[in-house]
Amino acid sequence: MEVKIGVADSPREVLVVSDQTPDEVEKLVRDALNGANDGILSLVDEKGRKVIVQASKISYVDIGPATAGRVGFAAI
């Protein structure tokens, strides 16, 4: 699953591909925005790396399926 996080004062978004379900990620985001975990959103990507974002800096969170790379030609 792919999670895009918009961060205030940053022109780029944070992209995390995670094995967590959309409901699990949504709960983590809601908890962080409500002040749990000292207002820190912490996600683990599919390679085991941890991404930590201060909740007060989150502009938006887009939760969706991972997009697989497309190879080849498409019929027009």
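**Exercise 1.** Leaving aside its neighbours within four places in sequence, with which residues is Val53 in contact?

*Solution.* The model is predicted: local features require pLDDT of at least 70, side-chain atom pairs count only at pLDDT 80 or more, and totals for chains, interfaces and linings use all residues. Residues are numbered from 1 along each chain as its sequence is written, and side-chain values use heavy atoms, with hydrogens and water left out. Contact means heavy atoms within 4.5 Å. With neighbours within four places in sequence set aside, Val53 touches Ile5, Val7, Gly39, Ile40, Leu41 and Ile58.

**Exercise 2.** Determine which elements give two or more residues to the largest nonpolar core.

*Solution.* Step 1: a nonpolar core is a set of buried Ala, Val, Leu, Ile, Met, Phe, Trp, Tyr and Cys residues joined through side-chain atoms within 4.5 Å; buried means under 20% relative accessible area, exposed over 50%, and partly exposed in between, with a 1.4 Å probe and protein chains only. Step 2: the largest such core has 12 residues in all, including Ile5, Leu41, Val53 and Ile58. Step 3: the elements giving two or more residues are β1 (2-7), α1 (22-33) and β3, and α1 gives the most, with three residues. Here helices (H or I, at least four residues) and strands (E, at least two) are DSSP runs, numbered from the N terminus.

**Exercise 3.** Describe the order of the open sheet of three strands and identify the strands at its edges.

*Solution.* Step 1: two strands pair if DSSP finds at least two bridges between them. Step 2: the order is β2-β1-β5, with antiparallel pairing. Step 3: β2 (13-17) and β5 (58-64) each have a single partner strand, so one side of each lacks a neighbour in the sheet. Step 4: β1 and β2 are joined by five bridges; in β2, Val14 is the bridge partner of Ile5.

**Exercise 4.** Explain why the salt bridge between Asp9 and Lys57 ties together parts that are 48 residues apart in sequence.

*Solution.* Step 1: a salt bridge is a side-chain nitrogen of Lys or Arg within 4 Å of a carboxyl oxygen of Asp or Glu. Step 2: the closest N and O atoms of Asp9 and Lys57 are 3.9 Å apart. Step 3: Asp9 lies in the loop between β1 and β2, and Lys57 in the loop between β4 and β5, so the pair links parts 48 residues apart in sequence. Step 4: Asp9 is exposed, at 76% relative accessibility, whereas Lys57 is partly exposed, at 35%.
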